[in-house]
Amino acid sequence: MINAADLPDTIPVFPLPGALMLPRTRLPLHIFEPRYLAMIEDAMKTKHRLIGMIQPRETPVSEKRVGEKRLQAIGCGGRLTGFSETEDGRYMITLSGISRFRVREEVQGFAPYRRCLVDWAPFARDLGPTEDDKGFKRPQFMDLLGRYFTAMNLSTDWDGLKEAEPELLINSLSMLCPFSPEDKQALLEAPTLDTRRETLVTLIEFALRGGADEEIMQ
């Protein structure tokens with residue numbers, strides 16, 4: 001288990017639109033770009049083996065600069081806990097979510113990948129025990145989820161969902177449901193499990209009412 005004192009001030013970051021990782025979850029990734037292959041190799045040489053998942057941020061045309069996109073202010077650090085290499089040199093990895101962080105500034109240097117100076121302090125709770133959601137009403141939530149999965153033509157292990165603890169259920173759905181990058185960021189930034197559940201319910205209800213696709217309910 002990683003303690004707050006073990007978290008480094010500077011970490012490599014992997015900007016990936018729509019990818020969400022949360023504390024105490026696992027995120028599988030397929031790595032093939034040379035700069036991110038180098039990032040994985042460098043991370044494995046460190047004691048903490050931490051990589052920050054973060055989303056690129058859309059910026060107005062007037063603010064766009066030549067080069068790489070700006071980053072969201074908040075991401076989540078994950079420990080490299082699974083690794084395998086394919087015959088053609090690609091990496092299949094698993095990151096285990098440790099804690100969210102706030103970007104203080106991007107670090108310039110000679111690494112081919114991006115690095116950031118980060119602040120973990122605002123999310124000290126992420127390093128604590130599993131969160132509970134005292135307002136969670138499983139029957140109503142599962143009914144809503146069933147209607148959503150039917151409308152979106154999604155399948156899942158319903159028995160597993162019915163038995164999952166609230167944190168695992170809510171966080172896993174936040175990661176897996178096909179929401180926009182902006183919606184994923186809102187789920188990441190939710191300060192507590194109950195506010196994340198409320199955000200998740202709002203997004204599902206919006207989709208069922210039509211959302212961006214007027215034909216979902218027809």
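This is a dialogue about reading a few features of a predicted model.

Visitor: Before anything else, how confident is the predictor in the chain, and where is confidence lowest and highest?

Guide: Happy to start there. The mean pLDDT of the chain is 90, and 91% of the residues score at least 70. Among the helices and strands, helix 3 (residues 158-163) has the lowest confidence, with a mean of 85, while strand 3 (residues 50-54) has the highest, at 98.

Visitor: Which stretch has a pLDDT below 50?

Guide: That is residues 213-218, a stretch that makes eight contacts in the model beyond near neighbours in sequence. Where pLDDT is low, predicted coordinates should not be read in detail.

Visitor: Let's turn to strands. How do strand 5 and strand 6 pair?

Guide: A general idea helps here: in a regular strand, side chains alternate between the two faces of the sheet. In this model, strand 5 (residues 91-107) pairs with strand 6 in the antiparallel sense, over five bridges. The two form a hairpin, with six residues between them. One position to look at is Val107, which stands opposite Arg115 in strand 6.

Visitor: And which residue of strand 6 is the bridge partner of Pro12?

Guide: Arg115 again. Strand 1 (residues 10-15) and strand 6 (residues 114-119) are antiparallel too, with four bridges.

Visitor: What surrounds Ser96, and is Ser96 buried or exposed?

Guide: Ser96 lies in strand 5. Its relative accessibility is 14%, so Ser96 counts as buried, the cut-off being under 20%. Apart from neighbours within four places in sequence, Ser96 contacts Met21, Thr25, Arg26, Gly77, Gly78, Arg79 and Thr81.

Visitor: Now a helix. Where do the buried residues of helix 1 sit around the axis?

Guide: The general idea is that an α-helix has 3.6 residues a turn, so residues three or four places apart point the same way. In helix 1 (residues 34-44), the buried residues are Tyr36, Leu37, Met39, Ile40 and Ala43. They lie on the same side of helix 1, because they cover an arc of only 155° around the axis. Those buried residues pack against strand 1, strand 2 (26-31), strand 3, strand 4 (74-85) and strand 5.

Visitor: How many residues does the largest nonpolar core have, and which have the most contacts inside it?

Guide: There are 47 residues in that core, with Ile31 and Phe141 having the most contacts inside it. Helix 6 (residues 193-208) gives the largest share, seven residues. A second, separate core has 13 residues, including Val13, Leu50, Ile98 and Trp120.

Visitor: What does Phe141 touch?

Guide: Leaving out residues up to four places away in sequence, Phe141 touches Phe136, Leu169, Leu173, Arg197, Leu200 and Val201.

Visitor: How many disulfides are there?

Guide: The test is whether two cysteine sulfur atoms lie within 2.5 Å, and the count is zero. For Cys76, the nearest cysteine sulfur is that of Cys116, 14 Å away. The sulfur of Cys177 is 18 Å from the closest one, in Cys76, so the distance is too far for a bond. Cys76 is buried at 1% relative accessibility, and Cys177 is buried at 3%.

Visitor: One last residue: where is Arg125, and what does Arg125 contact?

Guide: Arg125 is in the loop between strand 6 and helix 2 (138-151). Setting aside neighbours within four places in sequence, Arg125 is in contact with Glu131, Pro191 and Thr192. Arg125 and Pro181 are 56 residues apart in sequence and 24 Å apart in space, C-alpha to C-alpha.

Terms used. Residues are numbered from 1 along each chain as its sequence is written. This is a predicted model: local features need pLDDT of at least 70, side-chain atom pairs count only at pLDDT 80 or more; totals for chains, interfaces and linings use all residues. Side-chain values use heavy atoms; hydrogens and water are left out. Buried means under 20% relative accessible area, exposed over 50%, partly exposed in between (1.4 Å probe, protein chains only). A nonpolar core is a set of buried Ala, Val, Leu, Ile, Met, Phe, Trp, Tyr and Cys residues joined through side-chain atoms within 4.5 Å. Contact means heavy atoms within 4.5 Å. Two strands pair if DSSP finds at least two bridges between them. pLDDT is the predictor's confidence in each residue, from 0 to 100. The arc is that of the directions from the helix axis to the C-beta atoms.
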